[in-house]
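Student: I should like a close look at a single part of this model, the sheet and the ligand site beside it in the discussion. Please describe that part in detail, and then place it among the other sites.

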Amino acid sequence: MALLEVRDLHTSFFTDAGEVKAVNGVSFDLDRGKVLGIVGESGSGKSVTVYSIMQILAPAGKIVSGSIKFDGQELVGAGERVMRDIRGNKISIIFQDPMTSLNPTYTIGHQLMEAILLHTDRNKEQAWDRAVEMLKLVNVNEPEKRMKQYPHEFSGGMRQRVMIAMALACEPDILIADEPTTALDVTIQAQILELMQQLQRDLGMAIIMITHDLGVVAQMCDEIVVMYAGSYCERGTADEIFYDPRHEYTKGLLRSIPTTGTVGQKLQPITGTPIDLLNLPKGCPFAPRCDAAMKICIRQAAENMELSSTHKASCWINVERNARDLGASAMRKAQKVGMDLDDAADIAKALEVGGLGASVLSAEVHAARVEEELQDARQQAAMEVREAGADVLPDGDIVGDGALMQSREKGNRISGKRNSAMRNKKPRKGGKR
Amino acid sequence: MAAQGNDAPLVEVRHLKEYFPINTGFFKTTPLKAVDDVSFAIRRGETLGLVGESGCGKTTVGRTILHLYEPTDGVVVYDGKAVVGPKEKVDIDKFATPADGGSLTGNTLSLNEYRTKTTMVFQDPYSSLNPRMTVSDIIAEPLDVHKLCASAKEREERVLELMNRVGLNSEHASRYAHEFSGGQRQRIGIARSLAVNPEFIVCDEPVSALDVSIQAQVINMFDELQEEMGLTYLFIAHDLLVVRHISDRIAVMYLGKMVELADAAEIYDRPLHPYSKSLLSAVPIPDPKIARANKRIPLQGDIPSPLNAPSGCPFRTRCQYATEACAATMPEFKEVEKGHFVACHRTAEVNS
Ligand SMILES: Nc1ncnc2c1ncn2[C@@H]1O[C@H](COP(=O)(O)OP(=O)(O)OP(=O)(O)O)[C@@H](O)[C@H]1O
Ligand SMILES: Nc1ncnc2c1ncn2[C@@H]1O[C@H](COP(=O)(O)OP(=O)(O)OP(=O)(O)O)[C@@H](O)[C@H]1O
Ligand code: SF4
Ligand code: SF4
Ligand SMILES: [Mg+2]
Ligand SMILES: [Mg+2]
């Protein structure tokens, strides 16, 4: 059992304009001592996901469905008393915006001590010492003096470190860090990250790290969840996500990072605007911005495909890639058994170009089943070609829109030919029966 | 007026100091030396990146250059003219050079005029925009303040032109800032900054709060605006990959002082100052294998307080190369190779 199990979480905001589906269908596990990274576009639901875990959503926000288990205990619907015990003691959070989460009218010391007194058994004096110790730990200079200062007297990065100190002071089982190092320079960031890693090793603390900085993700995270429009479009180990991304959004994200190679060139942002969560499309939510979008992407969202035991992605490209691989290998087999190549190529092409509707395709499969009993290895190979396509092409329509236009004529020709071929086949089959 | 070659600096910062009085007891204040004797120049059309530890004074440098803070000492020479506020008491002639003819007092730029040529883009697109104002009013605010539009119609046209320039849709004009995404809000902020038709913009972490892809859009936009309008930038950022991408030259600060300045590629590939070396080694590389194998040069010791800076070299308490000489005197910020400035007593030894 994982320390934290999130299953099919749906969280919405019920606003005057309608239901904003901020999180729709996020699942992940977090084991003790592991670091999970959540990346994704601004507004993709990263913060709302973790706010749901903590149940600190704005009044309009509500967990609609799903399950969140901490150490086996269901938190969804568990009630405020349970959550008060969880928050701060078991799970603490570093908020994205340190300025709004620090109270400008109280000193830093007051706020730190308040958090410590609330969540631990320390008395005032011990809390003071602990607060000073934590400030030291996050590298705030002259901590005793700083305790008496107000947030506006701190630089942005210093305020952020205070927030980190506050979250770590209670030694939580899970630390949720929402953009913890955005305001920090790299050397302090390195120290803070090291501090987190140390607590993770020594105390077995698990970390959920939300960040836009893919460098930090690469360095820190065991596993990565990539979010788009409220759900995860891809999940995998750091290596899988960075070296073998399988969702077009992830690929775009990785392409837009500046590197030493981009100097003097334009960066490659993902074009288009973020999706409207009030009106989620029925197809892939990334389709309007995806260069590789295919017709099927607009009609139907891709299922989560399991690419390895740790790697999952919801992108039709993988199916297409799969289909091509399968198609090519079936072609080779067909060739080997000496199948009429024109026939095999026709079938393969038809599958690939996809002029066929689902019904025609299933008729094909049906026909293939019948044939199977009757034909020799040649037909068997032909069937493999078909099944390669039929299995992986639920819609038989895996093809880019542009390509589809171009191949419409060709496709029509092929399907016309195929229809007539089927007509020709049927009497033959009937004859044999 | 100084001769205007192509390389003539647009902004010259001479011995700039910004001290904040801090209460340290009853009726006692101590100056917090946020910026302590910093000098550098930015060429017209150039992007100078400014990096350094959190709290080292980058924002303060940016704000003081724009006279959003009154300088404690030192002078900003803009396009050959010394900038002076109405109540400022700094003796600017102390900082005159032979090129100024030995005096700056006769050659000044009023703060009002300076404010129409310069502007700032803030880090936080979330809190820097007034939630009760429409996008159009936010963008027009500087136009109103400086009375730059004769009529309501002209104002509207100018706002639409600015929105267009930063890639915002004209139908966004009547909406409120909180209805926009971070990237869009940053565009609104930039459109507002461009309203006065500035030549020089201090960008204080303008993309830090944005996600990578939107960050790329905004960086490209900064690039394009520079090409189209010949803008000059001081670009403050933590993300060294971003700074490397956008800057022509990069300056490194530590504890209120400038410690290194050079060409972007040069400093990135061959930092000479021990602090810059450590800083660059800490850049997280977006590649797990490299990131895991990366040898960071960790900084030992506490960050000294600007209230109580170490004697001599400010970095000496954490520098592995420090010697007694480093505690005795502050190293001079000098050109050790063409265009490469370093403030370190031991540049040669450190880099041998
Ligand atoms: N109180 C709220 N009322 C209505 N919608 C909200 C509210 N809070 C968040 N949302 C919406 O939920 C979506 C997800 O927001 P969230 O803050 O989780 O994004 P994020 O991924 O954390 O983005 P960022 O990287 O910018 O922090 C957004 O589209 C946002 O507009
Ligand atoms: N208004 C102020 N009053 C008092 N001290 C200040 C004020 N503004 C800044 N400081 C102090 O001056 C120093 C420099 O702050 P500054 O904000 O310029 O740092 P920075 O380099 O921009 O840091 P960061 O990267 O965290 O934004 C810090 O020690 C800070 O505490
Ligand atoms: S499913 Fe289609 S639209 Fe969505 S990311 Fe993949 S290729 Fe693009
Ligand atoms: S002057 Fe001395 S202490 Fe300062 S950076 Fe150089 S070697 Fe280190
Ligand atoms: Mg967020
Ligand atoms: Mg700053």
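Tutor: In this predicted model, strands E1 (residues 4–15) and E2 (residues 18–30) of chain A run antiparallel to each other and are paired over nine bridges. The two strands make a hairpin, with two residues between E1(A) and E2(A). Within this pairing, Thr11(A) has Val23(A) of E2(A) opposite.

E1(A) also pairs with strand E4 (residues 61–70) of chain A, again in the antiparallel sense, and here the count is eight bridges. Val6(A) is the residue that stands opposite Ile68(A) in E4(A). The hairpin thus belongs to an open sheet of four strands in chain A, ordered E2-E1-E4-E5, with antiparallel pairing. Its edges are E2 and strand E5 (73–74) of chain A, each of which pairs on one side only.

E1 of chain A leads on to ligand 1, since E1 and helix H1 (46–54) of chain A are the elements that give two or more residues to the shell around that ligand. H1(A) supplies the largest share of this shell, three residues. The ligand itself lies between chains A and B. In total, 16 residues surround ligand 1, and the closest are Ser42(A), Gly43(A), Lys46(A), Ser47(A) and Gln96(A). Sorted by class, the shell comprises six nonpolar, eight polar and two charged residues.

Several distances to oxygen atoms of ligand 1 can be given. From the backbone, an N or O atom of Ser44(A) lies 3.2 Å from an oxygen atom of ligand 1, and a backbone N or O atom of Gly45(A) lies 3.0 Å from an oxygen atom of the ligand. From a side chain, an N or O atom of Lys46(A) is 2.8 Å from an oxygen atom of ligand 1. Taken alone, the ligand exposes 640 Å², of which the protein buries 70%.

Two further ligand sites may be set beside this one. Around ligand 3 stand residues of chain A, including His247(A), Glu248(A), Cys284(A), Cys290(A), Cys297(A), Cys315(A) and Trp316(A). That shell divides into ten nonpolar residues, one polar and one charged. Ligand 4 is surrounded by 13 residues, the closest being Cys313(B), Cys319(B), Cys326(B), Cys344(B) and His345(B). The shell around ligand 4 has nine nonpolar, two polar and two charged residues.

There remains the enclosed empty space. Eight cavities of 30 Å³ or more are present in the structure, and the volume of the largest is about 370 Å³. The lining of the largest cavity consists of 26 residues, with His212(A), Asp213(A), Ser208(B), Gln215(B) and Asp239(B) nearest its centre. The elements that contribute two or more residues to this lining are helices H8 (186–203) and H9 (214–220) of chain A, together with helices H6 (212–229) and H7 (240–246) of chain B. By class, the lining has 14 nonpolar, nine polar and three charged residues.

To return to the part requested, E1(A) pairs with E2(A) over nine bridges and with E4(A) over eight, and E1 of chain A also gives two or more residues to the shell around ligand 1.

How values were computed
Residues are numbered from 1 along each chain as its sequence is written. Chains are lettered from A and ligands numbered from 1 in the order in which they are written. This is a predicted model: local features need pLDDT of at least 70, side-chain atom pairs count only at pLDDT 80 or more; totals for chains, interfaces and linings use all residues. Side-chain values use heavy atoms; hydrogens and water are left out. A residue is near a molecule or strand if one of its heavy atoms lies within 4 Å of it. Ala, Val, Leu, Ile, Met, Phe, Trp, Tyr, Cys and Pro count as nonpolar, Asp, Glu, Lys and Arg as charged, and the others, Gly among them, as polar. Two strands pair if DSSP finds at least two bridges between them. A polar contact is a pair of N or O atoms within 3.5 Å; within protein, one must be able to donate a hydrogen and the other to accept it, and residues adjacent in sequence count only if both atoms are side-chain atoms. Accessible areas come from the Shrake-Rupley method with a 1.4 Å probe; for residues, only the protein chains shown count as cover. On a 1 Å grid over the protein atoms alone, a cavity is a set of points where a 1.4 Å probe fits but cannot get out, and a pocket is an open set with protein on both sides within 12 Å along at least five of seven lines; lining residues have an atom within 4 Å of a point. Grid points are joined across faces, edges and corners, and a volume is the space filled by probe spheres set on the points.
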